[in-house]
Amino acid sequence: MAHLIEKTTEKPTPRSDGKPERGVELPHRAGWVGAVRDWIEERTGLFGFIKHHLDEPMPPGVGWWQTLGNLLLTLLIFQFITGFALAMFYAPTPDHAHESVKHITENVPLGAFIRGLHHWGSSFIMLVVVLHILRVFFWGAYKKPRELTWLVGVAIFQVILAFAFTGYLLIWDQKAYWATVVGTRFASTVPVIGEWLMHFLRGGKEVGALTLTRFYAIHIMLLPVALVLLTAAHLYLVRRLHIAGPVVPQKGAPQPFYPYQLFRDAVVVLVGMGLLMTCALLFKPPLYPVADPSGTAFTPRPEWYFLGLYELLKLMPPKLEVLGTVVIPGLVAIGMILLPWLDRSPSRHPAYRKWVIDVGLIVIFLIGTLTLKGILSEPPEVIPQSTSVSSSTTGSR
Ligand code: HEM
């Protein structure tokens, strides 16, 4: 029995190079706080881990543009928290979804505010993720050795788009319903597997109860798991490879992340979150009448971040709609995936990667113009009953 009551004297296995774990030694602190800290540190290495990351040296010239990643992270964490709070009151069935959202907005304490944070949060996330991608693009920070960081980022971007698409239907109002009818119809234009894909997404021929169940399951289970895993991988790679720094290396000593960059991050996060909260307080998220699949007149307009795609489809003649639904978006996605290998210039400076910057600017200009056109254009007044994508998106009746 002695071995069972014997006090363990086991020490953590030292690193083979003899250095302390994570290369961090913490100053000793007296008193019971110090004792508790030492106890946790000995078992988890938590404080050493945090200190190691706070001390991370940043190349000279890293500044405000490099704060967008952490703003995005904060917005996503808030989105998880507000999504969880909403799920406490939300009922994912056609009979109750709309009613439960109405109840959240009108009766639940802070319900309208939480719903506002989640609703406007998705727009903020979309805006910040695009700014983050643009910053990485113009800095050429996707180049060796950061190709994988970029690729994981591209996957994250797809997950964020899928979050937005699946979340849209959940409130089960007229706008959500008809936008999803049009959105899922796009799937049917995919060559060969199109009809099957649309059927799979909808859980049947029409958008109905099973579509809502599927979108809800994807929105609250599949996508969060994917996003958490991908974000963890992304942040691991960012820290492992360090931030790229300015395109023209600057003179001077590297600065530790704390307090310099952390201060900038804190300012940007506080301003960003302040703006989001102001939006949530001032602008109530819309809730149209409950979805009516029998086909009353309503505008199937997507959110602003999908308007570029929507306008592109309006430009396509019916026979060529596959260009707008599959070919052009597919080319943009493939271009993003292959970017680190397409751009063969050894320099990160925009002047030495002229064609990449030019193509990037053209794509940005086209997406921007189409989105702006969508925002400014009058929506069609009636939901077309035709099954063709182009007639439904153009609003031709
Ligand atoms: C969950 C979403 C994301 C989070 C939380 C995130 C977070 C971050 C953070 C904290 C950094 C370092 C600071 C900064 O550059 O802002 C960073 C850098 C980077 N991110 Fe993201 N990011 C996300 C999405 C994306 C996306 C969608 C892409 C590209 C498609 C991307 C590509 C990169 C690259 C290549 C770097 C390295 C930049 C450098 O070394 O200068 N990230 N990210």
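## Exercises on a predicted model

Leu372 lies in helix 14, which covers residues 354-376. The model used throughout is predicted.

**Exercise 1.** Decide whether Leu372 is buried, exposed or partly exposed.

Solution. Start with the neighbour count: 14 other C-beta atoms lie within 10 Å of Leu372. A buried residue needs 20 or more, and an exposed one has 12 or fewer. Leu372 is therefore partly exposed. As for its surroundings in the fold, Leu372 is 68 residues from Trp304 in sequence, while their C-alpha atoms are 8.8 Å apart in space.

**Exercise 2.** Check whether the end-to-end distance of helix 10 agrees or disagrees with its number of residues, then locate its bend.

Solution. Helix 10 has 33 residues, and the rise is 1.5 Å a residue. The expected span uses one less than the number of residues, so helix 10 should cover 48 Å. Its end C-alpha atoms are 46 Å apart, which agrees. The bend is at Ile218 and comes to about 40 degrees. After the helix comes His242, with a positive phi near 65 degrees.

**Exercise 3.** List the buried residues of helix 10 and name the helices they pack against.

Solution. The buried residues are Thr211, Leu212, Phe215, Tyr216, His219 and His234. Their packing partners are helix 5, helix 7, helix 8 and helix 9 (194-202).

**Exercise 4.** Describe the largest nonpolar core and say which helices supply it with at least two residues each.

Solution. This core has 40 residues, and Leu72, Ile125, Val128, Trp172 and Ala176 have the most contacts inside it. The helices that each supply at least two of its residues include helix 4 (68-87), helix 6 (111-139), helix 10 (209-241) and helix 11 (257-282). Next take Ile125: leaving out residues up to four places away in sequence, it touches Leu72, Leu75, Leu76, Gln79 and Ile160. A second core, separate from this one, has six residues, among them Leu307, Leu309, Tyr310 and Leu312.

**Exercise 5.** Characterise the shell of residues around the ligand.

Solution. Of its 26 residues, those that come nearest to the ligand are Gly69, Leu73, Ala141, Gly153 and Ala244. By class, the shell divides into 17 nonpolar residues, eight polar and one charged. Helix 4, helix 6, helix 7 and helix 10 each contribute at least two residues to the shell.

**Exercise 6.** Summarise the protein chain by secondary structure and burial.

Solution. The chain has 15 helices and two strands. Of its 397 residues, 28% are buried.

Note on methods: Residues numbered from 1 in each chain as written. Predicted model: local features only at pLDDT ≥ 70, side-chain atom pairs only at ≥ 80, totals over all residues. Core = buried A, V, L, I, M, F, W, Y, C linked by C-beta atoms within 7 Å. Helix = DSSP H or I, 4+ residues; strand = E, 2+ residues; numbered from the N terminus. Contact = placed C-beta atoms within 7 Å. Near = placed C-beta within 6 Å. Nonpolar A, V, L, I, M, F, W, Y, C, P; charged D, E, K, R; others polar. Bend = angle between axes of the 7 residues up to and from the residue.
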